[in-house]
Amino acid sequence: MNHAALIASAEAARGFAHAPYSGFKVGAALETDDGEIISGCNIENATLGLTMCAERVALFKAISMGKTRFVRCAIATAAEKPTPPCGSCRQLLWEFAGDVEILLTRDRQLLEAHRLQDLFPLAFDRTHFQPETTAQPANNADCT
Ligand SMILES: [Zn+2]
C-alpha cells in the first residue's frame, strides 16, 4: 500500500477529533498486514485525565475488530512541529503492534518516518516477565 491512503485516512479521522479543551486535534490510522486501514481520533472530556489519544483509539478499535498484525501507523496533526505518539501510546503500540513504522504527517504530507523501536528504546514488555521461583507459601504456624 502506498502511504498516501494511510495518511489521508489519518487526516480524515482528525476531522472527527473531539478536542474542545486543548484545541489539539489528532488523527491516526493503522495499516494491518493485509492492507486494511483502521483510524481513530483523539477524544477529550471535561476530566481531561480520561482523554484518549488518536493512536490508542485506532489501536483499540482495530483489536476489537480482531486485527492483530500491523505494519505502520500514520499520525496527523496541524502542528508546525511533527507530532510523535506520546509515551502511553508508544507503550501500547509496542505491545500490540511491535516495531511498526510511524509516519508523522501534516496536511496530508509526510514530514518524518520512524521505526517505533527508535522512538521507544529499551521498551518494557512481556519479555521482562519471569515466573517467580523464590516465593514461599505463607506459614501462619509461627504466628502464635
Ligand atoms: Zn498518546
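A residue counts as buried when its relative accessible area is under 20%. In this predicted model, S9 makes a handy test of that cut-off. Its relative accessible area is 18%, so S9 is buried. As for where S9 sits along the chain, it belongs to helix α1, which covers residues 3-14. Setting aside the neighbours within four places in sequence, S9 touches three residues by name: A29, I37 and S39.

Next comes the metal site. Which protein donors hold the zinc ion? They are the SG atoms of C53, C86 and C89, and they lie 2.2 to 2.3 Å from the zinc ion. Along the chain, these donors are spaced as C-x32-C-x2-C. What about burial at this site? C89 has a relative accessible area of 0%, so C89 is buried. C86, on the other hand, comes out at 32% relative accessibility, so C86 counts as partly exposed.

That leaves the aromatic rings. Generally speaking, a pair of such rings is described by how far apart the centres are and by the angle of the planes. The count for this model is one aromatic pair. F124 and F129 make up the pair, with 5.7 Å from centre to centre and 65° between the planes. Planes over 60 degrees apart count as edge-to-face, and that is the label the pair of F124 and F129 gets. Are these two residues buried or exposed? F124 has 47% relative accessibility and therefore counts as partly exposed, while F129, at 61%, counts as exposed.

How values were computed:
Residues are numbered from 1 along each chain as its sequence is written. This is a predicted model: local features need pLDDT of at least 70, side-chain atom pairs count only at pLDDT 80 or more; totals for chains, interfaces and linings use all residues. Side-chain values use heavy atoms; hydrogens and water are left out. Rings of Phe, Tyr and Trp (its six-membered ring) pair if their centres lie within 6.5 Å; planes under 30 degrees apart count as stacked, over 60 as edge-to-face and the rest as tilted. Buried means under 20% relative accessible area, exposed over 50%, partly exposed in between (1.4 Å probe, protein chains only). Donors are N, O and S atoms within 2.8 Å of the metal (3.2 Å for Na, K and Ca); water is not among the atoms, so sites may look incomplete. Helices (H or I, at least four residues) and strands (E, at least two) are DSSP runs, numbered from the N terminus. Contact means heavy atoms within 4.5 Å.
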